[in-house]
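Let's take a walk through this protein together, with an eye on its aromatic rings, its charges and its nonpolar cores. Have the model open and follow along.

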Amino acid sequence: MAYVPDSTASVTLHVTPLTMVRRIITVLTVGLVIGAITAIAAIAFVETVLWLNDLLLVSSYAKVQSGLSPTAMLAITLAVPMGGGALVSFIVFRLAPIHRPAGPADAIQAVQLQKPMPDTRSGLIVTLGALGSLGVGASVGQYGPMVFLGAVIGGMVEKLRLAVPNINAIAIACGVAASISAAFNAPIAGLVFAHEAILRHYSMQAFAPVTIASTVGYVVANVLFERAPVFVVQTGVSLKAPEFAIFALMGLLCGAVSIVYMRALLAGARIGGRIKLAPEARGAMAGLVVGLCALWLPEITGLGQYTLRFATIEGAFAASEMAMILVGKIVLTAICLGMGFVGGVFSPALIVGAMLGGLVWTGLAALGVEGLAAFPVYVICAMMAVTSPVIGAPLTAILIVFELTRSYELSIASMIVVVFSNVVAFRFFGRSLFDRQLFLRGCDLSQGRAEAQLSELAVHDYAVTEAPIFEVGLDQRAVRAELDAHGWSEGYAVDANGLFQGYLRIIDVDAASPAPVADILRPAQLVFDADTSVRDAMRLLEDFVGDAIPIVDRDSRRLVGVVTEAAIVRAYLDVVAKLRSEEHAGL
């Protein structure tokens, strides 16, 4: 396959005013429509979860109102999550074409690597699995599925084939922003999250439609449907200078707990994958654990709305209860997500952080530290400080605090705790749980978008179509004539089976000699595997001198092509130029 430069790598300068106006209208309309559809879908998702909780007697209110005997209630408490776990696993692992759960990591990968989202059927089936998981009381979050649903809705724009550069990534970001905005009644946080965690740039071409989508999501949720905020704290916050040192130390502790939480989730997935049982059996096992926890410590099951609301009330939980909820929530969430349930990681992290903040305040108060801010301040700050490293969005976490509390002082306090937490988590874990999940799939975003995209490009795709490749038995006269005809100074030799034998230089070829080229072969300076990426090739080329590099199949050792150094460099420059164009694109 010959290398053809990417025509989209450079900015198109010759765009007529009419085309530009059409693009602007298209982009803004995409933001408007996706924002409205996603907000409605997100609200429907949440309401359906609450309806299922009542229908299946998962919520405490439904249990009290049911009037069933204790024995019947015990049976239902165990049977519902077990049956739900088996059903969810069947739906996700058997019916979805991708045969696995999906979430925000898939949206990040689609945008960063400029790939399509999972197919619509898979997206809707996985969302249905998340709905079932939350409906039966599994310890998973609802915001991850909502973000993924928004990304799936945005990803449908790709099928419209709109003639607008970068429209697919922008549409996905619009869906994500609207889902966050509708979920938290926080349009600014939705806007920033889409840019901070999904797009990872702030081009005007993306900023305008994402802003519209986030605003529409807020209007639909807050104005049309009058959705209540996740939590509301109205307390006077009076901060003293020495307390900022406490916030910094608490941030370090939150970062450590966040790492424990993320590593527990990864360990749960690893252990769950090693269990040689049918997906339905693993899901039923996880459901049994959920049912037992619902009998022993119901605060760690389900969405945890009431746990979050009571967490901001001083004295609602004793220190021992907060410690049990903290540890139990981490363990149960790891079991649920690792064994077959589907859902997010944001809501459980909120509860873990809330319990940690309450423990810190309670401990300081017990030690006789005076002049502390109110109990809810520590709870909310720790809540966001534990959660922000998980999603890789510290600015979003701070803005959620500000938009939900309207407290400038509380936002400053949370800013200190969040910053120190993210410093620790970034240093000892990485940018986010989603980035680590992608890394385990072979997608490394730690070095930036360009490096990640280059790692997806195989050098084999840039091989020249007519390379001077000869059999070792061919005489030197014929080889010299071929090299002269094609203007190459090097040739590459294979045996009768196509196995790579070495290369030759034109200066070594005797144009009058009937001797075979096997007599003058040299060992190759550098050989690429068939699956070597352009990123790895660029690093390997550092000390290379020559015309081209042979590409050899790792297993068979057959020569599958030859790629020039210039083609690899052009591929690299194309990717860099294309990303620069996207990141600086205007309306």
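A good place to begin is W361, which counts as buried because its relative accessibility is 14%, under the 20% cut-off. Please keep in mind throughout that this model is predicted. F375 counts as buried too, at 4% relative accessibility.

Now turn to the aromatic pairs, of which a search of the whole structure finds six. How are the rings of F244 and F247 arranged? Their centres lie 6.0 Å apart and their planes stand at 85°, so this is an edge-to-face pair. Both residues belong to helix 10 (residues 241-274), where three residues, about one turn of the helix, separate them. Their surroundings are worth a look as well: F244 is partly exposed, with a relative accessible area of 27%, whereas F247 counts as buried at 0% relative accessibility.

The rings of W361 and F375 make another pair, with centres 5.4 Å apart and planes at 90°, so they too are edge-to-face. This pair links distant parts of the chain, 14 residues apart: W361 sits in helix 14 (residues 346-366) and F375 in helix 15 (residues 375-391). Elsewhere, Y143, F184 and F346 come together as one aromatic cluster.

From here we can move on to the nonpolar interior. In soluble globular proteins, nonpolar side chains tend to be buried together. The largest nonpolar core of this model has 137 residues, and the members that touch the most others are F184, F193, M250, M355 and Y378. F184, then, is part of the aromatic cluster and also one of these well-connected core residues. Try centring your view on Y378: leaving aside neighbours within four places in sequence, Y378 is in contact with residues including F247, M250 and W361. Two of the ring partners from the pairs above, F247 and W361, are thus found beside Y378. A second, separate core holds 18 residues, among them Y462, L526, A537 and I568.

Charged groups deserve a stop of their own. The charged end of R427 sits over the ring of F428, 5.2 Å from its centre. Likewise, R436 places its charged end over the ring of F429, at 4.3 Å from the ring centre.

Finally, visit E582 in helix 22 (residues 565-583). Is E582 buried or exposed? E582 is buried, with a relative accessible area of 3%. Leaving aside neighbours within four places in sequence, E582 is in contact with Q114, N166, A169, H201, S203 and R449.

How values were computed:
Residues are numbered from 1 along each chain as its sequence is written. This is a predicted model: local features need pLDDT of at least 70, side-chain atom pairs count only at pLDDT 80 or more; totals for chains, interfaces and linings use all residues. Side-chain values use heavy atoms; hydrogens and water are left out. Rings of Phe, Tyr and Trp (its six-membered ring) pair if their centres lie within 6.5 Å; planes under 30 degrees apart count as stacked, over 60 as edge-to-face and the rest as tilted. Helices (H or I, at least four residues) and strands (E, at least two) are DSSP runs, numbered from the N terminus. Buried means under 20% relative accessible area, exposed over 50%, partly exposed in between (1.4 Å probe, protein chains only). A charge sits over a ring if NZ of Lys or CZ of Arg is within 6 Å of the ring centre and within 35 degrees of the ring normal. Contact means heavy atoms within 4.5 Å. A nonpolar core is a set of buried Ala, Val, Leu, Ile, Met, Phe, Trp, Tyr and Cys residues joined through side-chain atoms within 4.5 Å.
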